[in-house]
Amino acid sequence: PAAEGFELSKFHVRVMESHRGLGVERFRTGTNFKFTAEKVTVEVKVQAAKSTVQGALSLPRIGMQLLLPGDLDQVEYLGCGPHECYPDRKASGRVGLHSAQVDEMHTPYIKPSESGGRADVQWVRVSSRVQPSRALRV
């Protein structure tokens, strides 16, 4: 993606991007980061180009990746669990408050693939065992 605009103020960052495919603009994203002493708020707005939605059976999936420091090794979440809960296994999970170490969230499949998914998650909190006040809640 090509950054079109970038604004920085003391507590607010706005990034506007244009995403192209096959030489044509497919969609635009606007991401706002707001910083306060208590929290960071991230708001993403996506606008698909008319050529992207005309005749489309479904819209492309858009995701976000968040990299966290290694000392955030504890997970607590409200959702299906305590094991993986993908659509084919969701019925065996129960909705509730679950917790685990980050390393326990991975399933070592014989053929490497996505693992650790949880369904119907309302919120997740990742924290440090050594310093519990060091945490991120999404």
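Begin by selecting Arg 129, which at 52% relative accessibility counts as exposed, and keep in mind while you look that this is a predicted model. Then add Asp 73, whose side chain meets that of Arg 129 in a salt bridge with an N to O distance of 2.9 Å. Asp 73 lies in the loop between α1 (50-53) and β5, whereas Arg 129 lies in the loop between β7 and β8, so the pair ties together parts that are 56 residues apart in sequence. The two partners are worth colouring by accessibility, because Asp 73, with a relative accessible area of 16%, is buried, while Arg 129 is exposed.

Next, select Lys 90 and Asp 120, which form a salt bridge in which the closest N and O atoms are 3.0 Å apart. This pair also links distant parts of the chain, with Lys 90 in the loop between β5 and β6 and Asp 120 in the loop between β6 and β7, 30 residues apart. Lys 90 is partly exposed, at 34% relative accessibility, and Asp 120 is partly exposed as well, with a relative accessible area of 39%.

From these loops, move to the strands themselves and display β6, β5, β7 and β8, which in that order make up an open sheet of four strands with antiparallel pairing. At its edges stand β6 (94-101) and β8, each of which pairs on one side only, and from one strand to the next the twist averages 15°. Within the sheet, zoom in on β5 and β7, which run antiparallel and are joined by five bridges; there you will find Glu 76 standing opposite Arg 125 of β7.

Now turn to the hairpin of β2 and β3, by selecting residues 12-21 for β2 and residues 24-35 for β3, which pair in the antiparallel sense over 10 bridges. Follow the ladder to Val 13, whose bridge partner in β3 is Phe 33, and then go to the turn, where two residues lie between the strands and Leu 22 takes a positive phi near 55°. Then pick out Glu 25 and Arg 28, which form a salt bridge with their closest N and O atoms 3.2 Å apart. Glu 25 is partly exposed at 23% relative accessibility, and Arg 28 is likewise partly exposed, at 35%. The pairs visited so far are among the four salt bridges that a search of the whole structure finds.

Which residues lie nearest the centre of the largest pocket? Select Leu 66, Leu 68, Val 124, Leu 136 and Val 138, which hold that position among the 30 residues of the lining, and show the pocket as a surface, with its volume of about 1,100 Å³. At least two lining residues come from each of β3, β4 (40-48), β5 (74-81), β7 (123-127) and β8 (135-137), and the largest share, three residues, comes from β4. Coloured by class, the lining shows 19 nonpolar, seven polar and four charged residues.

Finish at the second largest pocket, which holds about 240 Å³ of space. Of the 12 residues that line this pocket, Thr 31, Val 44, Ile 62, Gly 63 and Met 64 are the closest to its centre. Here β2, β3 and β4 each supply at least two residues of the lining, with β3 giving the most, four residues, and the lining divides into seven nonpolar, four polar and one charged.

Notes:
Residues are numbered from 1 along each chain as its sequence is written. This is a predicted model: local features need pLDDT of at least 70, side-chain atom pairs count only at pLDDT 80 or more; totals for chains, interfaces and linings use all residues. Side-chain values use heavy atoms; hydrogens and water are left out. Two strands pair if DSSP finds at least two bridges between them. On a 1 Å grid over the protein atoms alone, a cavity is a set of points where a 1.4 Å probe fits but cannot get out, and a pocket is an open set with protein on both sides within 12 Å along at least five of seven lines; lining residues have an atom within 4 Å of a point. Grid points are joined across faces, edges and corners, and a volume is the space filled by probe spheres set on the points. Ala, Val, Leu, Ile, Met, Phe, Trp, Tyr, Cys and Pro count as nonpolar, Asp, Glu, Lys and Arg as charged, and the others, Gly among them, as polar. Axes are lines fitted to C-alpha atoms, for helices over the stretch in contact, and angles run from 0 to 180 degrees between N-to-C directions. Buried means under 20% relative accessible area, exposed over 50%, partly exposed in between (1.4 Å probe, protein chains only).
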